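Q: I am new to this structure and would like to learn how to read it. Could we go through it feature by feature?

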Amino acid sequence: QGQLVESGGGLVQAGGSLRLSCAASGSISSINAMGWYRQPPGKQRELVATITSGGNTNYADSVKGRFTISRDNAKNTVYLQMNSVKPEDTAVYYCYAQRSIVFYWGQGTQVSVSS
């Protein structure tokens with residue numbers, strides 16, 4: 001049973017935008033940090049962005065200035081707004097939520113950027 005459900009992936013042309021969403025089920029309470037990883041084809045998984053319950057954010061250098069992470073605590077949802085996308089952004093994107101020592105993961109959503 002998936003506890004984090006992702007949506008918003010798909011095909012997009014370089015320079016375009018899309019927004020990923022990740023909703024945690026109601027059974028997951030008191031979430032501390034949420035964020036996004038991605039795994040490009042043939043590469044290791046890499047951290048894209050994180051956001052704490054206090055609103056502190058961190059971004060990978062490769063996406064800084066183009067991507068924005070946000071969260072809606074009332075909906076237990078984290079978003080990744082992706083602007084000015086590049087072909088190198090092509091990857092499977094995974095959201096996570098951290099509560100105490102437990103990490104929950106989304107099922108992954110494919111983002112493909114055409115040049």
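Q: How many helices and strands does the protein have?
A: Helices (H or I, at least four residues) and strands (E, at least two) are DSSP runs, numbered from the N terminus. By this reading, the protein has 0 helices and 11 strands, and its pattern along the sequence is β-β-β-β-β-β-β-β-β-β-β. The model is predicted: local features need pLDDT of at least 70, side-chain atom pairs count only at pLDDT 80 or more, and totals for chains, interfaces and linings use all residues. Residues are numbered from 1 along each chain as its sequence is written, and side-chain values use heavy atoms, with hydrogens and water left out.

Q: Why is the protein described as being as compact as a globular protein of its length?
A: The radius of gyration is taken over C-alpha atoms, and the globule rule is 2.2 Å times the number of residues to the power 0.38. Here the radius of gyration is 13 Å, close to the 13 Å that the rule gives for 115 residues, so the protein is as compact as a globular protein of that length. Its C-alpha atoms fill a box of roughly 40 × 30 × 25 Å along the principal axes.

Q: What share of the residues counts as buried?
A: Buried means under 20% relative accessible area, exposed over 50%, and partly exposed in between (1.4 Å probe, protein chains only). Of the 115 residues, 41% count as buried.

Q: Is S21 buried or exposed?
A: S21, placed in strand 3 (residues 18-24), counts as buried because its relative accessibility is 17%.

Q: Which residues does S21 touch?
A: Contact means heavy atoms within 4.5 Å. Leaving aside residues up to four places away in sequence, S21 touches V5, E6, S7, W36, V78 and Y79.

Q: What do contacts show across the protein as a whole?
A: Among contacts between residues at least 6 apart in sequence, 53% join residues at least 24 apart.

Q: How should a positive phi be read?
A: Most residues other than glycine have a negative phi. In this structure N76, although not a glycine, has a positive phi of about 50°. Likewise, S84 has a positive phi near 50° and is a residue other than glycine.

Q: Where are N76 and S84?
A: N76 is in the loop between strand 7 (67-72) and strand 8 (77-82). S84 is in the loop between strand 8 and strand 9 (91-99); at 41% relative accessibility, S84 counts as partly exposed.
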